[in-house]
Amino acid sequence: MNLHEYQAKEIFRRYGLPVPPGKVVRSADEAAEACHALGGEKFVVKAQIHAGGRGKAGGVKLVDGKEAVRAGARELIGRSLRTHQTGPSGQPVNVVLIESRSEIVKEYYTAIVLDRSQEKPCLLFSGMGGVDIEEVAQKRPEAIHKRTFSASTGLSREVARSILEESTTEMCSSHTSLSASDKEKLTDILVGLAKVFLETDASLVEVNPLGYMRAGNWQIVDAKVRLDDNGLERHPELAALRDPGQEDPREVEAKKFDLSYVGLEGNIGCMVNGAGLAMATMDLIKLAGGEPANFLDVGGGASKEKVTAAFKIILTDPKVRAILVNIFGGIMRCDVIAEGILAAVKEIQLKVPLVVRLEGTKVNEGKEILKKSAIDIISAASLEEAAEKAVSCVRSR
């Protein structure tokens, strides 16, 4: 579950981390009022969406004075902001964050993620932070330093200091040379971010940039937090921060039925049991010359209700021109799935071609049920054949 920047910063503030003064507003008039509360003349107006790349997309505005803040908020609120992370439709801007603006001397990057290969949390740090951090990662990966640490004991100050020492070249520039006191404060920030990561059951805590300011202090200029859905039951106060308006409505609906759904840009809807099988299905559709419209895993215990919901969710995508159902019956019996498919198709009055491939427990019984039905179902013996038939259906239409 992603959090907005302002929500992430509020969590950081509770942990004593240095975030700039700010106000969340929902209208241009509220934005102007926020200026009075914050004081000063220099501000930043930041669109709040669940995506990076806002600055390059015009979603972050550096302005001077109340009227400029008002104009900036008016321009952003109510529009969809499209970045390289949002897809072509963008994401809606319903709120903006107004913050006091100070001069940044140097930008740094830091994050806490899970290193799955070592099964440990990992601290990332670079002295080359800012909007082009992705380019740094591609062209100068050696400039991003890494340290794993124990999830049970947390990030020690010694480990944090060691990554700072390794980053000395990128940390120093012609503009600044960090004092021992500056580095100790930076160590405090890194240790604090790791604490946030562990105590909130996060899968990502990222600060970019972490600014060293003209006034000689540190400031978390931008922040991103992604929470592990599996840990939300331990944090009801964090679960309440979910913003469904930033999520694909189909994904929101899928969660109600414990379905895993991700919308894509193709026109062949996929309904599969098992994440690995779903990925293989999409790959074979691509190999056959088609484009999958979605990833949809109905899980290992799909009921009639789940199957019906899955069909309905797939068909909310107007681009879908055919549906491929690929089921491997392990614990799940193919005859039960066949009955569920027929019941679902009758209920929703399916109007696009349906290709079904069944394999596993009670497969012969399942195929016989589909064969005897009055519904026009295209059967396939293998996954390759199913993919080819689905692509052929789309082309013929």
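This is a short walk through one protein chain, from its overall layout to a helix, a pocket and a single threonine.

Hi everyone, thanks for having me. Please keep in mind that what you see above is a predicted model.

Let me begin with the whole chain. There are 397 residues, and 49% of them count as buried. The chain carries 14 helices and 18 strands. If you lay the C-alpha trace along its principal axes, the span comes to about 80 × 50 × 40 Å. For those of you who like contact maps, take the contacts with a separation of 6 or more: 70% of them join residues 24 or more positions apart.

Now scroll to helix 14, residues 383-396. Its 14 residues reach 20 Å from the first C-alpha to the last, close to the 20 Å expected at 1.5 Å a residue. Which residues of helix 14 are buried? They are L383, A386, A387, A390, V391, C393 and V394. These sit on the same side of helix 14, because they cover an arc of only 155° around the axis. Turn to the other side and you find E388, R395 and S396, which are exposed.

And what do the buried residues of helix 14 pack against? There are four strands and one helix to colour in your viewer: strand 14 (268-272), strand 16 (322-329), strand 17 (354-360) and strand 18 (378-379), along with helix 10 (275-287).

Next, a pocket. I picked the second largest one, with a volume of about 210 Å³. Its lining is made up of V113, L114, R116, F197, L198, D201, A202, S203, D228 and R234. Strand 7 (104-115), helix 7 (180-199) and strand 10 (202-213) are the elements that each give two or more residues to that lining. By residue class, the lining divides into five nonpolar, four charged and one polar. The charged names in the list include R116 and D228.

Last stop: T308, in helix 11, which runs over residues 304-315. Is T308 buried or exposed? T308 counts as buried, because its relative accessibility is 6%, and the cut-off for buried is under 20%. Which residues does T308 touch, once we set aside its neighbours within four places in sequence? T308 is in contact with A344, E347 and I348.

That's my tour, and I'm happy to go back to any of these spots on screen.

Notes: Residues are numbered from 1 along each chain as its sequence is written. This is a predicted model: local features need pLDDT of at least 70, side-chain atom pairs count only at pLDDT 80 or more; totals for chains, interfaces and linings use all residues. Side-chain values use heavy atoms; hydrogens and water are left out. The expected span of a helix is 1.5 Å times one less than its number of residues. Buried means under 20% relative accessible area, exposed over 50%, partly exposed in between (1.4 Å probe, protein chains only). The arc is that of the directions from the helix axis to the C-beta atoms. Contact means heavy atoms within 4.5 Å. On a 1 Å grid over the protein atoms alone, a cavity is a set of points where a 1.4 Å probe fits but cannot get out, and a pocket is an open set with protein on both sides within 12 Å along at least five of seven lines; lining residues have an atom within 4 Å of a point. Grid points are joined across faces, edges and corners, and a volume is the space filled by probe spheres set on the points.
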